[in-house]
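Trainee: Before I use these structural terms, I would like to see what backs each of them.
Mentor: Then ask about them in turn.

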Amino acid sequence: MCRFLTYSGPATLMSPLIFEAENSLVMQSKYAQKRKVPTNADGFGLGWYANHEDPIPATFVSVDPAWSNRNLKSIAEKVKTGHYFAHIRDASKGMPVSQANCHPFQCMHYLWMHNGRLDLFDSFRRALLNGLSDRAFGLIKGNTDSEYAFALFMDKLDFKQSASAEDLELAMVETIREIMRLRKAAGADTNAFINFAVTDGFHTIATRFATLETSQPASLFFAKGEITQQNGEVDIVVSDAPERQSIMICSEPFTEEDEQWVKVDRNHIVIAHGNVSVMQKPIELPYQVSL
């Protein structure tokens, strides 16, 4: 499974969280702490929103390991943004390593990432495709389950030009509901790890979800505070100044200060409104019953 991060806050360089923090995303590409297999070397991706008036995010993906791509380092050290997604990939068994399969995926002003896998995907892939609109079908360029899920999400969102946080939340829950329905119809009774993240450039929605009660979902955390750097160390501190506050949602904490990081409960959804507020709530879907 993969690792990802989302950032909303003051316009900043991406390098502190991607390269410089003690447990930066690049560090997690070699030595992830919250998963059994520590290496995530099957590509990476960035998606970010420009500081000028352009709602469509830029994306940069590569099949290189994150630690060895000098373009990633250059972009992270030179480009400022107030809202970005970053992802390092560990391809699921049988999934090709290609640019088309690298996250984040983009449609209109939306970005999408996934940490996990829709187990036994081939057993219900055709059924998922058959249920998509022509527009959603046309989004799919690769063959990863994550991109298919994004196409399904865009259908559930009805490709809205302007979506509220409630719209995004409802579409996300309905996407998971439909995936569970398709899996049940196909007899896919193993666990699906569903840590999805989506943003419209302001709101960010993320999930920590496992379809079987006997399985733990992949890790997910969030933090709210000011990112500081002193003597080369990246820290997150409580801030009384809203303009300096950031909200981060990520697979693993970037710093050791546990009090700043909230572990997302299993089968919960995280809802962030820019860098203003963040909360989690349960996803009211029943567990899948193993046959």
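Trainee: Which residue is the bridge partner of Val-198 in E8?
Mentor: The partner is Ile-205. Keep in mind that this is a predicted model.

Trainee: What makes E7 and E8 a strand pair?
Mentor: Strand E7 (residues 193–199) and strand E8 (residues 203–208) are joined by three bridges. Pairing asks for at least two bridges, so E7 and E8 qualify. The two strands run antiparallel.

Trainee: Which sheet contains them, and in what order do its strands come?
Mentor: An open sheet of six strands, with the order E5-E6-E7-E8-E13-E14 and antiparallel pairing. On average, neighbouring strands are turned by 15° against each other, direction ignored.

Trainee: Why are E5 and E14 called edge strands?
Mentor: Strand E5 (105–107) and E14 each pair on one side only.

Trainee: What lies across E5, E6 and E7?
Mentor: Helix H6 (residues 145–157), which runs at about 130° to strand E6 (110–117).

Trainee: How do you know that Glu-169 and Lys-281 form a salt bridge?
Mentor: Their N to O distance is 3.0 Å. The limit is 4 Å between a side-chain nitrogen of Lys or Arg and a carboxyl oxygen of Asp or Glu, so the pair passes. Glu-169 belongs to helix H7 (residues 165–186) and Lys-281 to strand E14 (residues 277–282), so the salt bridge ties together parts that are 112 residues apart in sequence.

Trainee: Why is Glu-169 called buried and Lys-281 partly exposed?
Mentor: Glu-169 has a relative accessible area of 17%. Buried means under 20%, so Glu-169 counts as buried. Lys-281 is at 30%, which falls between the 20% and 50% limits, so Lys-281 is partly exposed.

Trainee: What makes Arg-244 and Glu-226 a salt bridge?
Mentor: The closest N and O atoms are 3.2 Å apart, and the cut-off is within 4 Å. The pair links distant parts of the chain, 18 residues apart. Arg-244 sits in the loop between strand E10 (233–237) and strand E11 (246–250), whereas Glu-226 is in strand E9 (residues 221–230). Arg-244 is partly exposed at 42% relative accessible area, and Glu-226 is buried at 17%.

Trainee: What is the distance between the closest N and O atoms of Asp-119 and Arg-117?
Mentor: They are 3.4 Å apart, and the two residues form a salt bridge. Arg-117 is partly exposed, with a relative accessible area of 31%. The whole structure holds nine salt bridges.

Trainee: How do you know that E9 and E10 are paired, and in which sense?
Mentor: Five bridges connect E9 and E10 in the antiparallel sense, and at least two are needed for a pair. One position to look at is Gln-230, which stands opposite Glu-233 in E10. E9 and E10 form a hairpin with two residues between them. In the turn, Asn-231 has a positive phi of about 55°.

Trainee: Which residues of E10 are on the covered face, and which on the uncovered one?
Mentor: Val-234 and Ile-236 are on the covered face; Glu-233, Asp-235 and Val-237 are on the uncovered one. In a regular strand the side chains alternate between the two faces of the sheet.

Trainee: What makes the phi of Met-108 and that of Leu-120 worth a remark?
Mentor: Most residues other than glycine have a negative phi. Met-108, which is not a glycine, has a positive phi of about 55°, and Leu-120 has a phi near 60°. Met-108 is in the loop between E5 and E6 and is buried, with a relative accessible area of 15%. Leu-120 lies in the loop between E6 and helix H4 (125–130) and is partly exposed at 41%.

Trainee: Why is the peptide bond from His-103 to Pro-104 called cis?
Mentor: Its omega is near 0°. Pro-104 is found in the loop between strand E4 (80–88) and E5.

Trainee: Why is the chain called as compact as a globular protein of its length?
Mentor: Its radius of gyration is 18 Å, close to the 19 Å that the globule rule gives for 291 residues, so the description holds. The chain has seven helices and 14 strands, and buried residues make up 56% of its 291 residues.

Methods:
Residues numbered from 1 in each chain as written. Predicted model: local features only at pLDDT ≥ 70, side-chain atom pairs only at ≥ 80, totals over all residues. Heavy atoms only, no water. Buried < 20%, exposed > 50% of the residue type's maximum accessible area, 1.4 Å probe, protein only. Helix = DSSP H or I, 4+ residues; strand = E, 2+ residues; numbered from the N terminus. Axes fitted to C-alpha atoms, helices over the stretch in contact; angles between N-to-C directions. Contact = heavy atoms within 4.5 Å. Rg over C-alpha atoms; globule rule 2.2 N^0.38 Å.
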